[in-house]
Each structure stands twice: as structure tokens, then as C-alpha cells.
Amino acid sequence: MEKSAINGKKIAAGKAIGYIKSGMTLGLGTGSTAYWAIQGIGELVKNGLSVRAIATSKQSEALARELQIPLIPFSEIDHLDVTIDGADEVDEHLNLIKGGGGALLREKIVASATKFYIIIVDQSKLVTKLGKFPLPVEVTPFGWELTMRRLTALGCNPKMRMTDNKPFLTDNSHYILDCSFGSIDNPALLHEQVSGITGVMEDGFFINMADVVIAGSPDGDAEVIVNASKK
Ligand code: 5RP
């Protein structure tokens, strides 16, 4: 990974943890940017901050355990105060594409239960229109070939995500189809169309979910972009 990208991510994460207060319930994101936020939360917990958290992936859960961040199940709560997560692309309306790390389903469940959803990125993730990054779509292994043809009919070129020459399996034992649509004019409409296909468990569009996006730059600045439509 490029050094400048790492710095921007860490700077955004550092700014985001400023929103956390003792007593809060937190959602912990997934990926190399969320990693820095979890590290920061671990440091705060070490210094006496009292929070409880739900992680968006087995990987982030393992990191949280290592840092002794108290974890709780959804049986104990029905909302989270703050979630900090990364994104693969952020457009001008703060719509997102997520799922580059394959955690989109858990990430969306956590996001949907969150009162204040903070997205942290390095500046390179800010785009005018979504779509350069292929849209991750989580699908059931049963019938995936049919689901893939239905996705293709929406105008994309889906590719099965692979790891070690085998289909990548999500934490929920599903496949991921990465769908290249090119520049997307109406992400909300496409989200409805994709998520309406039987066999699609979740897609990587996060439409109007972020309350704030924090974009870090390698020179140490962090731009805080507030979602005016969610105020
Ligand atoms: C994982 C995600 C990540 O937040 C997204 O892929 C960004 O990752 P990174 O912070 O490593 O660039 O959605 O499913």
C-alpha cells in the first residue's frame, strides 16, 4: 500500500474517534482505514474509556478482542450510538460503494442500526460519480450463476471474487460478485434494481446513510463533510 494513502487513512481515523464519548455503544468497521479507528478506540479503552462495541467482521472482532474493547451481541441492544467505517468510493451526495473487504452485509446491518454513521477515507476515495470501483454484490452460493446473469442484464460485467483459486467466502458463507457498471448516474435506482434480485443478500451501495465523511490527506489535514440532508 502506498505510504501517502496510509497516512490519509490514519488521519481521518484520528479525527473520527473524537466523536466517541464514554458510555456509548459503537460499531467497528472493517478494512485498513477502520483498522486505525479500532486501534485508536483500543487506546482510549486502555486509558479508561467505557464503551461497548459490535464489529462488522470476524477480522475486526479479533482486533477488538486483542485490544480488549468490550464486545456485545445485538441481543443486548437495538441501536448503536456511533459507527466508524471505511468506504471504497464516496460521491458528492455522500452515497458510498463499500464491500472491497467483503464485509458489506454485516457493515450494512450495523450501519442501519447506527444513530451517527461516520465514514473515514483518504482523499483519493472522493469521486464525482460512483462506479469506477466495481460494485460488490453478496449472493447466495445456491443459484449464483442465475443471479449473475440477472446482474449482467442490468448492464454490468460481474466477476466472481476469488481467493487461492476458489470463490472468496464472506463471513456469512456467501459469494461476492464484483460488478463493473462504469460511471453510475442514479445509484439509488440501481441499488433498488440490484437488491431486488432474488439471491442477492446485499449490495455495496450505501445510499444516504453516512452522517459525516472524514477525508484525510497525506499532508495531515482532515476534511469533515457533513450530510446536510440528514441534519
Ligand atoms: C470492507 C469495506 C471497507 O470499508 C472498504 O473496502 C475500504 O477499505 P480500506 O479502508 O481498506 O480502503 O467496505 O467491506
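Trainee: Which residue of β11 is the bridge partner of L135?
Mentor: In this predicted model, the bridge partner of L135 in β11 is C179.

Trainee: What makes β7 and β11 a pair of strands?
Mentor: Pairing requires at least two bridges. Strand β7 (residues 135-139) and strand β11 (residues 175-180) share five bridges in the antiparallel sense, so they count as paired.

Trainee: Why are β8 and β12 called edge strands?
Mentor: The sheet is open and has four strands in the order β8-β11-β7-β12, with antiparallel pairing. β8 (157-160) and β12 (200-203) each have a single partner strand, so one side of each lacks a neighbour in the sheet. From one strand to the next, the twist averages 30°.

Trainee: What makes you say that helix α5 packs on this sheet, and how is α6 placed?
Mentor: Contact means heavy atoms within 4.5 Å. Helix α5 (residues 144-152) touches β7, β8, β11 and β12, and its direction makes about 20° with that of β11. Helix α6 (residues 187-195) lies across β7 and β12, running at about 160° to β12.

Trainee: What makes β5 and β13 partners in the three-stranded sheet?
Mentor: That open sheet has the order β4-β5-β13, and its pairing is antiparallel. β4 (89-90) and β13 (205-206) stand at its edges, each with a single partner strand, so one side of each has no neighbour in the sheet. Two bridges join β5 (residues 96-97) to β13; the requirement is at least two, so the pair qualifies. In β13, F205 is the bridge partner of I97.

Trainee: How do you know that K98, G99 and E107 make polar contacts with the ligand?
Mentor: The cut-off is 3.5 Å between N or O atoms. A side-chain N or O atom of K98 is 3.0 Å from an oxygen atom of the ligand. For G99, a backbone N or O atom lies 2.8 Å from a ligand oxygen, and for E107 a polar side-chain atom lies 3.1 Å from one. Each distance falls within 3.5 Å, so each pair is a polar contact. The protein covers 92% of the 380 Å² of accessible area that the ligand has on its own.

Trainee: Which residues come nearest to the ligand?
Mentor: Of the 17 residues around the ligand, S32, T33, D88, G99 and K125 come nearest.

Trainee: What domains does the assignment give, and how many residues of each are in contact with the other?
Mentor: The assignment gives domain 1 (3-124 + 207-218) and domain 2 (135-201). Their C-alpha centres lie 24 Å apart, and 15 residues of domain 1 are in contact with 14 residues of domain 2.

How values were computed. Residues are numbered from 1 along each chain as its sequence is written. This is a predicted model: local features need pLDDT of at least 70, side-chain atom pairs count only at pLDDT 80 or more; totals for chains, interfaces and linings use all residues. Side-chain values use heavy atoms; hydrogens and water are left out. Axes are lines fitted to C-alpha atoms, for helices over the stretch in contact, and angles run from 0 to 180 degrees between N-to-C directions. A residue is near a molecule or strand if one of its heavy atoms lies within 4 Å of it. A polar contact is a pair of N or O atoms within 3.5 Å; within protein, one must be able to donate a hydrogen and the other to accept it, and residues adjacent in sequence count only if both atoms are side-chain atoms. Accessible areas come from the Shrake-Rupley method with a 1.4 Å probe; for residues, only the protein chains shown count as cover. Domain bounds come from an automatic or database domain assignment.
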